[in-house]
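The following exercises are to be worked through with the sequence and the structure in view. Each task is followed by a solution in steps.

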Amino acid sequence: MIRLENILTPGRSLVNVPGGSKKAVIEEIAKLIGKEVPEFDWQTVYESLIAREKLGSTGFGNGIAIPHCRLKGCTAPVSAVLHLERPVDFDAIDGAPVDLLFVLLVPEAATDAHLELLRQIASMLDRADVRASLRGAKSSDELYNVVLHVQNGH
């Protein structure tokens, strides 16, 4: 089974990310992933995430969004987690602005394992204590460690 800590890195865990708008945040995500995963073209990542958002917002309530998409040329899942400086409107189902984003990019031929990852992320973020810990993280390392702790059953 794919575990979250195998696809997330401290370098892809960011705090105090400038928000602005949904598109600006997705562009930030794309540029971060393009920098951290050089074989990905950030523009392609951006366009793929935007195309997915057009199908329906990935904002699922409680100030959380899980932008995700299948990505051409992606061979293994890649994740990132961002806490924004200020919440942005993300067209979430509960109308609340979003400040926590968990990103998941999966290969084009995504499998049940990838859906399972999405479920893992969603159920982790369903917990108020986890959301509070993620929002309380002061550094990228701290943010990354919150995810590791939760994944390891703490």
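**Exercise 1.** Which residues line the largest pocket of this predicted model? State also which elements supply at least two residues of the lining, and how the lining divides into nonpolar, polar and charged residues.

*Solution.*
Step 1. The lining consists of His68, Cys69, Arg70, Leu104, Val106, Ala110, His114, Leu115 and Leu118.
Step 2. At least two lining residues each come from strand E4 (68-71), strand E6 (98-107) and helix H3 (112-125).
Step 3. By character, the lining comprises 6 nonpolar, 2 polar and 1 charged residues.
Step 4. The space in this largest pocket amounts to about 150 Å³.

**Exercise 2.** Identify the members of the largest nonpolar core that touch the most other members, and locate the elements that contribute to this core.

*Solution.*
Step 1. In soluble globular proteins, nonpolar side chains tend to be buried together.
Step 2. The largest nonpolar core holds 28 residues, and those touching the most other members are Ile29, Ile33, Phe40, Val45, Leu101 and Leu105.
Step 3. Two or more residues of this core are given by each of helix H1 (22-36), helix H2 (42-55), E4, strand E5 (78-88) and E6.
Step 4. H1 provides the largest share of the core, namely 6 residues.

**Exercise 3.** Over which rings do the charged ends of Lys22 and Lys31 sit?

*Solution.*
Step 1. A charge counts as sitting over a ring if NZ of Lys is within 6 Å of the ring centre and within 35 degrees of the ring normal.
Step 2. For Lys22, the ring is that of Phe90, with its centre 4.9 Å from the charged end.
Step 3. For Lys31, the ring is that of Trp42, at 4.8 Å from the ring centre.
Step 4. As for rings paired with rings, the structure contains 1 aromatic pair.

Terms used. Residues numbered from 1 in each chain as written. Predicted model: local features only at pLDDT ≥ 70, side-chain atom pairs only at ≥ 80, totals over all residues. Heavy atoms only, no water. Phe/Tyr/Trp six-rings, centres within 6.5 Å; stacked < 30°, edge-to-face > 60°. 1 Å grid on protein atoms, 1.4 Å probe; cavity = no way out; pocket = protein on both sides within 12 Å on 5 of 7 lines; lining within 4 Å. Points joined across faces, edges and corners; volume = space filled by probe spheres on them. Helix = DSSP H or I, 4+ residues; strand = E, 2+ residues; numbered from the N terminus. Nonpolar A, V, L, I, M, F, W, Y, C, P; charged D, E, K, R; others polar. Core = buried A, V, L, I, M, F, W, Y, C linked by side-chain atoms within 4.5 Å. Buried < 20%, exposed > 50% of the residue type's maximum accessible area, 1.4 Å probe, protein only.
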